[in-house]
Amino acid sequence: MPIRIYNTLTRKKELLQPIEEGHVKLYVCGITSYDYCHIGHARSVLVFDVIVRYLRYRGYKVTFVRNFTDIDDKIINRANEQHVDAAELAQRFIEEFYVDTDRLGVLRPDLEPRATEHIDEMIVLIRELIDRGLAYRSGNDVYYRVDRFADYGRLSGRNLEDMQAGARIEVNEQKQHPMDFVLWKGSKPGEPKWESPWGEGRPGWHIECSAMSRKYLGETFDIHGGGKDLIFPHHENEIAQSTGATGKPFANLWIHHGFVTIHDEKMSKSLHNFLTIREVLAQYPPEVLRLLIFSTQYRNPLDFSAAAMRDAEAGLDRMYDCLSRIAGCDGGGDGKSVISLKDRKKIESLRPRFESAMDNDFNTARALGLLFDTIKVLNKVVSMLPAQPASDDIELLQNGGNTVRELAGLMGLLRDDPAVYVEIKKKMLLESLDITIEDIEKLIGDRARARERKDWATSDTIRDRLLQDGIELQDGPEGTTWDIKLR
RNA sequence: GGCGACGUAGCCAAGUGGUAAGGCAGUGGUCUGCAAAACCAUUAUUCACCGGUUCAAAUCCGGUCGUCGCCUCCA
């Protein structure tokens, strides 16, 4: 079965047909490193993480390049505010980026080029554009001449007239056309700068991706990705630069994911409504955020809220509980199978159904639904099992559980041992409560003695008291266990 | 103003012509001293609204309303 991907350029789902048989070349726009990453960045990183993992699972070789923008106005401004060196600031937040993405269990790309390490390649590209009449020098800057590039606006579905009509751009005397964009910026005193044929300066934002993708993936490659907000102007300008310079198509497929919203508004630095990855991970296990993000197809908006995280957490618990239950079902005998043909088929057909969901534009929401659907059947089977279950049934359960875990793993889910997952969560939640494990255990002991004398009033008082602290008691055949009550 | 996306149960969310996946919450049951947890079962005659095409529409076409995004830095 072929993989179909929605292509922003054509607004249709298209078959993935790598230029080089079996080898997908993917370029994704990474962060500008001047601050901590928010969960919108997390979505970007996680969406491409699952895409890369899935393509590899499907047998493709994937060369995955994601850049760091480590020089730009925002970095310079922030560095000035904090009285630090711009390069140091950029380096620091690249390191913080790794702290966050490592905690999320994100695979590192094959190559992570930085803008400042590719100034020479950018200069070469700008020269080519000047030679072809697509760029011009103006003062200390170099600009791209948009009206010379016939396809300008194709990716974002606009034309120059429309854009000018609604443009909120300030008039710049240096530009021949208001929509022209800067390729090289002459530096002002005190700013980071590099030598160039046009004097000291620094590159414009868009040119780095054209230069670096060309260097590592070639003039034409398979997939270029990023957030929807990059379609215009960033990706539009990349196409103008790259195709302008080479005369060849740039990327064949463009993947753009939707935004994370809060109260249905886009999360962004300028609106000050963002939550950083680390703020969220201080409250929830990383896989909860992954589950939330993959519960919606990547192109749709995703509204973040505590309620949504709670739901995701409950769902993840359900997944782990199922695995843990299956792990407890060992020792098959030669009893009769209790699994119906229908249930057996459902369990055994998970993989092809999962693949067909993912083949259809990486529909993780549907894929997760299939996983839960299988979990429902697995749970049912476990509950039907007699004392001496048939070894065939045990084998089917274990295979089913293993398949669930393997496929969930493509989304970076169910990677913990179920028992470990529970422990980590308990520890995390206990830290936010005003009670120690010793206190809890002492009260459980008191209550056990009360229960022995059938003093239900005392027993219930203790239980209620603990519940007020967020501790939930569970009486079982082997004594009383406790758990943190979910938010 | 231009361009685009979306509107499916209380909430989230699949479904892109063949008679509504899944999760959370709710309800009933099993279990329990009573609970909780867990498991099982169950929950939309209907897909914003109005028209049209079709044997058949949540899915296609036209219109209306609503929400959001891009056109400035943004994942």
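Hi everyone, let me start with one residue: Arg145 counts as buried, at 14% relative accessibility, where buried means under 20% relative accessible area, exposed over 50% and partly exposed in between, with a 1.4 Å probe and protein chains only. Before going on, the ground rules: this is a predicted model, local features need pLDDT of at least 70, side-chain atom pairs count only at pLDDT 80 or more, and totals for chains, interfaces and linings use all residues. Residues are numbered from 1 along each chain as its sequence is written, chains are lettered from A and ligands numbered from 1 in the order in which they are written, and side-chain values use heavy atoms, with hydrogens and water left out.

Back to Arg145, then. Its place is in the loop between β6 (141–144) and α5 (160–165); helices here are DSSP runs of H or I with at least four residues, strands are runs of E with at least two, and both are numbered from the N terminus. What does Arg145 touch, leaving aside neighbours within four places in sequence? Gly133, Leu134, Ala135, Tyr136, Gln176 and Asp180 are in contact with Arg145, contact being heavy atoms within 4.5 Å. Asp180 is 35 residues away from Arg145 in sequence, yet their C-alpha atoms are 5.4 Å apart. The side chains of Arg145 and Gln176 share a polar contact of 3.0 Å. By that I mean a pair of N or O atoms within 3.5 Å; within protein, one must be able to donate a hydrogen and the other to accept it, and residues adjacent in sequence count only if both atoms are side-chain atoms. A polar side-chain atom of Arg145 also lies 3.0 Å from the backbone oxygen of Gly133.

Another loop residue is Ser196, found between β7 (181–186) and β8 (201–203). Ser196 is buried too, with a relative accessible area of 12%. Its side chain reaches the backbone nitrogen of Trp198 at 2.9 Å, and a polar atom of that side chain is 2.6 Å from the backbone oxygen of Gly199.

Now for the cores. A nonpolar core is a set of buried Ala, Val, Leu, Ile, Met, Phe, Trp, Tyr and Cys residues joined through side-chain atoms within 4.5 Å. The largest has 84 residues, and Phe354 and Leu371 have the most contacts inside it. Helix α1 (residues 39–57) gives the largest share of this core, 11 residues. Where does this core lie with respect to domain 1 (4–266) and domain 2 (306–420)? Both domains give residues to this core, so it lies between them; the bounds come from an automatic or database domain assignment. Phe354 touches Tyr54, Leu371 and Met411, among others, not counting residues up to four places away in sequence.

On to the RNA. There are 59 residues around RNA strand B, with Lys74, Trp205, Gly227, Met267 and Asp311 coming nearest; a residue is near the strand if one of its heavy atoms lies within 4 Å of it. Of the strand atoms that come within 4 Å of the protein, 64% belong to sugar and phosphate. The side chain of Asp311 has an N or O atom 2.4 Å from a sugar or linking oxygen of RNA strand B. A base nitrogen of the strand is 3.1 Å from a polar backbone atom of Gly40. Helix α13 (residues 364–384) provides the largest share of the surface near RNA strand B, 9 residues.

Finally, chain A overall: 17 helices and 15 strands, and 52% of its 487 residues count as buried. Thanks for listening!
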